Amino acid sequence: MTGTLGDAGAGLYFVATPPAAETRLAALKLIRRFEYPTPRVQFGAAARGIATAAMDLSDGLIGDLPKLARASGLAAQVAVERLPLSESIRAAVPEARARDWALAAGDDYELLLAVPAARFAELEAEADRLNLMLTPIGELRAGGGVRWTLNGREFVPGVRGWDHFA
């Protein structure tokens with residue numbers, strides 16, 4: 001996946017809840033990320049022909065990943081500790097809250113991609129060319145559903161992604 005997760009959700013929170021003085025600068029960066037998202041259009045175009053599937057994370061990873069896995073006819077496994085968190089979110093909130101926002105908050109508009117392991121270096125080169133962070137967070141394999149782990153142990157997220165029909 002590209003970029004970092006949870007920043008927009010944290011930014012939305014800080015729009016409504018003034019930050020403590022010691023986290024004000026980090027909170028302002030998160031608010032900016034919420035108010036001015038950066039769609040990864042150039043990288044999406046560069047990933048064509050390398051990635052076998054891709055989607056933006058507008059409804060949160062926990063809501064969007066099952067859609068990608070289901071559409072691909074595969075199971076997904078995610079190592080939650082590998083989710084990319086920005087320095088700002090790490091500075092502004094406790095790790096558990098940052099992780100929850102990384103899993104469930106939407107509006108980050110980062111790209112979630114499936115790429116064969118043999119072609120990951122090509123995708124990484126495109127990300128480097130665009131000065132964009134690219135982080136492998138898990139894998140797709142035969143089966144169905146999504147399995148979450150945290151530091152090698154089963155993990156059951158206590159949050160849900162955005163549901164337009166709830």
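In the predicted model, Tyr 109 is located in the loop that runs between α6 and β3. Its phi angle is near 55 degrees, a positive value in a residue other than glycine. With a relative accessibility of 26%, Tyr 109 counts as partly exposed. The loop between α6 and β3 also holds Asp 107. Asp 107 is not a glycine either, yet its phi is positive, at about 70 degrees. The relative accessible area of Asp 107 is 29%, which places this residue in the partly exposed class.

Glu 110 is a further residue of the loop between α6 and β3. Here the relative accessible area is 0%, so Glu 110 is buried, the cut-off being under 20%. The side chain of Glu 110 forms a polar contact of 2.6 Å with the side chain of Thr 2. When neighbours within four places in sequence are set aside, the contacts of Glu 110 include Met 1, Thr 2, Gly 3 and Thr 4. Arg 33 and Arg 40 are also in contact with Glu 110, as are Met 55, Asp 56 and Leu 57.

Helix α6, which comprises residues 95-104, precedes this loop, and β3 spans residues 111-114. Within α6, the buried residues are Ala 98, Arg 99, Trp 101, Ala 102, Leu 103 and Ala 104. The cover over these buried residues includes three other helices, namely α1 (7-16), α4 (61-72) and α5 (87-92). Strand β5 (146-150) is also part of that cover.

A second buried polar residue, Gln 77, is found in strand β2, which covers residues 75-79. Gln 77 has a relative accessible area of 18%; the limit for burial is under 20%, and Gln 77 is therefore classed as buried. Two arginine side chains make polar contacts with the side chain of Gln 77. The contact with Arg 141 is 2.9 Å, and the one with Arg 147 is 3.3 Å. Beyond four places in sequence, Gln 77 touches both of these arginines. Ile 137, Gly 138, Glu 139 and Thr 149 are also touched by Gln 77.

At the level of the whole chain, the protein contains seven helices and six strands. Their order along the sequence is α-α-α-β-α-β-α-α-β-α-β-β-β. The radius of gyration is 16 Å, close to the 15 Å that the globule rule gives for 166 residues, so the protein is as compact as a globular protein of that length. The C-alpha trace spans about 45 × 35 × 35 Å along its principal axes.

Of the 166 residues, 47% count as buried. Among contacts with a separation of 6 or more, 82% are made by residues 24 or more positions apart. The accessible surface comes to about 9,200 Å², and carbon and sulfur atoms account for 53% of this area. The side chains include 18 positive and 20 negative ones. The centres of these two sets of charges lie 1 Å apart.

Technical notes: Residues numbered from 1 in each chain as written. Predicted model: local features only at pLDDT ≥ 70, side-chain atom pairs only at ≥ 80, totals over all residues. Heavy atoms only, no water. Helix = DSSP H or I, 4+ residues; strand = E, 2+ residues; numbered from the N terminus. Rg over C-alpha atoms; globule rule 2.2 N^0.38 Å. Buried < 20%, exposed > 50% of the residue type's maximum accessible area, 1.4 Å probe, protein only. Contact = heavy atoms within 4.5 Å. Areas by Shrake-Rupley, 256 points an atom, 1.4 Å probe, with all protein chains shown as cover. Lys, Arg positive; Asp, Glu negative; His and termini not counted. Charge placed at Lys NZ, Arg CZ, Asp CG, Glu CD. Polar contact = N/O pair within 3.5 Å; in protein donor to acceptor, adjacent residues only side chain to side chain.
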